[in-house]
Amino acid sequence: MQEKAEPVSTTAPSTPPVDAQRPVLILTLDTTRADHLGLYGYFRDTSPNLDHLASMSLVFDDAIAPMATTLPTHLTLMTGLTPHEHGTTANIIHGGTRFVPSERVQTFAQLVKSSGYQTAGFVSATPLEAGTGVDRGFTTYDGPTGIERQADQTIEAAMAWLETADMSKPWLLWVHLYDPHNPYAAPEPWTKQFVGQGDQAPWLAEREFSEKSSRPTGQEVETVSANDMYDGEIRFMDGQIGRLMVAIAKKRVKPIILVVGDHGEGLGQHGQPGHGRIWNEQVRVPMMLMAPGVRPGRHAATTGVMDAIPTLLGRMNIPGSDAFFSQASGVDVLDDKPEERAIYSMQSMRLVTLFGAKPTHSLTTSDSKWVWTEGEGVVRYDRKTDPYELRPIDDPDALARVEGNRDAQLRRSAELGAPEEQQLSEETQEALKSLGYME
């Protein structure tokens, strides 16, 4: 495993006038474990293009998602708020409904659009369809005609938009790629690229993967095969990212680039194949930033996905940014230099309302992780000696801290306004069912 470097000291230069602002590219990598990428020390060559981008970026070694679920984490990214605060705590809950954030909740796209940015979002799956709130502020918002689409199709659509965009004006382009999500079925030749290599055993054994595991819907997953196929999906996705980078380079522009994963994937670790829970392999995500004044290197401190946009925004000069910072619970970790905070994550409410799991919450620092399962108390994991969270330590004294953190978020949610409960169409429910989000 790659050693963590000391935090990099970064200083932003004087900010250019708004009409000279750089364009912004945000890449979100769905279901992508940080530890399956070369830039985080993985033993397979799954991510050459992302690794190259990382060499020119500030890489966040310990970025933690607020939830291992697509829509809630993307809303956290775009608003700087936790799921409790923006009100969306699942892709879908019992009864076929979801919650959409209050209109008082501002997104990054709304902010930059008000400053004259051209805004376009290209998403790859139903959980991020228009109307969820994550689309707010995007003049162009493009998704799959069916349930999901492969990275090559989403990248093609994004590149077509680049051909029509006015390169003399600033733009925000968000591209969401979904390929590593179940089912793992990359096109040939990537689908078989890592199959049968037999090189996984030590890596899986160290993390105590089970040989087989079952999804909440009952589907059984064989660990070695799942990991092989999953890595093929990442390698295919990475190649498409390389195509997008070439297309942008041909435009002779140098955008600010933010890459963020929304969550990881169990793949049999802790006996769980999918996501939605609070284990490290499900909430630790890749994150990197390339921006003016930010030196390439590693940022070792534990950081939240909610900090990504405030940190990016700190490298820009956008009128109205103060209002966004005032809204956000996330902070500019390169400017504010906050003392280390405990980053909050929660289990998807889908697992609670649809599958009967107990509500579970966690707080993560560089040294420790506390997990509170309601009705069962709090345990702690020592992240230095037990990085794979295998040996829980009872810690009842931490209950007030974890519970208090959650309650503070709920109070903040009340200040921002109640989310709207939205009944999903039968078509959307069927799409989410096919992706494993419903029985």
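The exercises below work through the fold of one predicted model, each with a stepwise solution.

Residues are numbered from 1 along each chain as its sequence is written. In this predicted model local features need pLDDT of at least 70, side-chain atom pairs count only at pLDDT 80 or more, and totals for chains, interfaces and linings use all residues, while side-chain values use heavy atoms, with hydrogens and water left out.

**Exercise 1. Overall dimensions**

Task: Determine how the radius of gyration of the protein relates to that of a compact globule.

Solution.
- Step 1. The secondary structure comes to 13 helices and 18 strands. Helices (H or I, at least four residues) and strands (E, at least two) are DSSP runs, numbered from the N terminus.
- Step 2. For 439 residues a compact globule would have a radius of gyration near 22 Å, and the value of 20 Å for the protein agrees with this. The radius is taken over C-alpha atoms, and the globule rule is 2.2 Å times the number of residues to the power 0.38.
- Step 3. The C-alpha trace spans about 55 × 50 × 50 Å along its principal axes.
- Step 4. Of the 439 residues, 59% are buried. Buried means under 20% relative accessible area, exposed over 50%, and partly exposed in between (1.4 Å probe, protein chains only).
- Step 5. Take the contacts between residues at least 6 apart in sequence: 72% of them join residues at least 24 apart. Contact means heavy atoms within 4.5 Å.

**Exercise 2. The open sheet**

Task: Give the strand order of the sheet that holds E13 to E17, and state which strands stand at its edges.

Solution.
- Step 1. The order is E13-E14-E15-E16-E17, an open sheet of five strands with antiparallel pairing. Two strands pair if DSSP finds at least two bridges between them.
- Step 2. E13 (343-346) and E17 (393-394) each have a single partner strand, so one side of each is left without a neighbour in the sheet.
- Step 3. E15 (residues 368-373) and E16 (residues 377-382) are joined by six bridges. Trp372 stands opposite Val378, and Trp370 has Arg380 as its bridge partner.
- Step 4. Three residues separate E15 from E16 in a hairpin, and Gly375 in the turn has a positive phi of about 90 degrees.
- Step 5. E16 is joined to E17 by two bridges, with Asp394 as the bridge partner of Val379.
- Step 6. Helix H12 (residues 399-416) lies across E13, E14 (360-364), E15 and E16, at about 75 degrees to E15. Axes here are lines fitted to C-alpha atoms, for helices over the stretch in contact, and angles run from 0 to 180 degrees between N-to-C directions.

**Exercise 3. A covered strand**

Task: Describe the burial and the pairing of strand E4.

Solution.
- Step 1. In E4 (residues 118-122), five of its five residues are buried.
- Step 2. In a regular strand the side chains alternate between the two faces of the sheet.
- Step 3. Gln118, Ala120 and Phe122 point one way from E4, and Thr119 and Gly121 the other way.
- Step 4. E4 runs parallel to E6 over five bridges, and pairs in the parallel sense with E5 (residues 140-142) over three.
- Step 5. Phe122 stands opposite Val175 in E6 and opposite Asp142 in E5.

**Exercise 4. Two helices**

Task: State which residues are buried in H1 and how many are buried in H2.

Solution.
- Step 1. In H1 (residues 48-55), Leu50, Leu53 and Ala54 are buried. Seen down the axis, the buried residues fall within an arc of 105 degrees, so they line one face of the helix. The arc is that of the directions from the helix axis to the C-beta atoms.
- Step 2. These residues pack against E1 (24-29), E2 (58-64), H7 (223-250), E9 (256-261) and E11 (287-290).
- Step 3. In H2 (residues 70-79), ten of its ten residues are buried, among them His74 and Met78.
- Step 4. Gly80, just after H2, takes a positive phi of about 75 degrees.

**Exercise 5. Two loop residues**

Task: Place Gln200 and Ser348, and list what each touches, not counting residues up to four places away in sequence.

Solution.
- Step 1. Gln200 lies in the loop between E6 (171-177) and H6 (201-206). Its relative accessibility is 5%, so Gln200 counts as buried.
- Step 2. Gln200 touches Phe43, Arg44, Val224, Asn227 and Asp228.
- Step 3. Ser348 lies in the loop between E13 and H11 (349-353), and is buried at a relative accessible area of 1%.
- Step 4. Ser348 touches Met67, Thr69, Thr89, Ala90 and Gly276. Thr89 is 259 residues away along the chain, with 6.2 Å between the C-alpha atoms of the pair.
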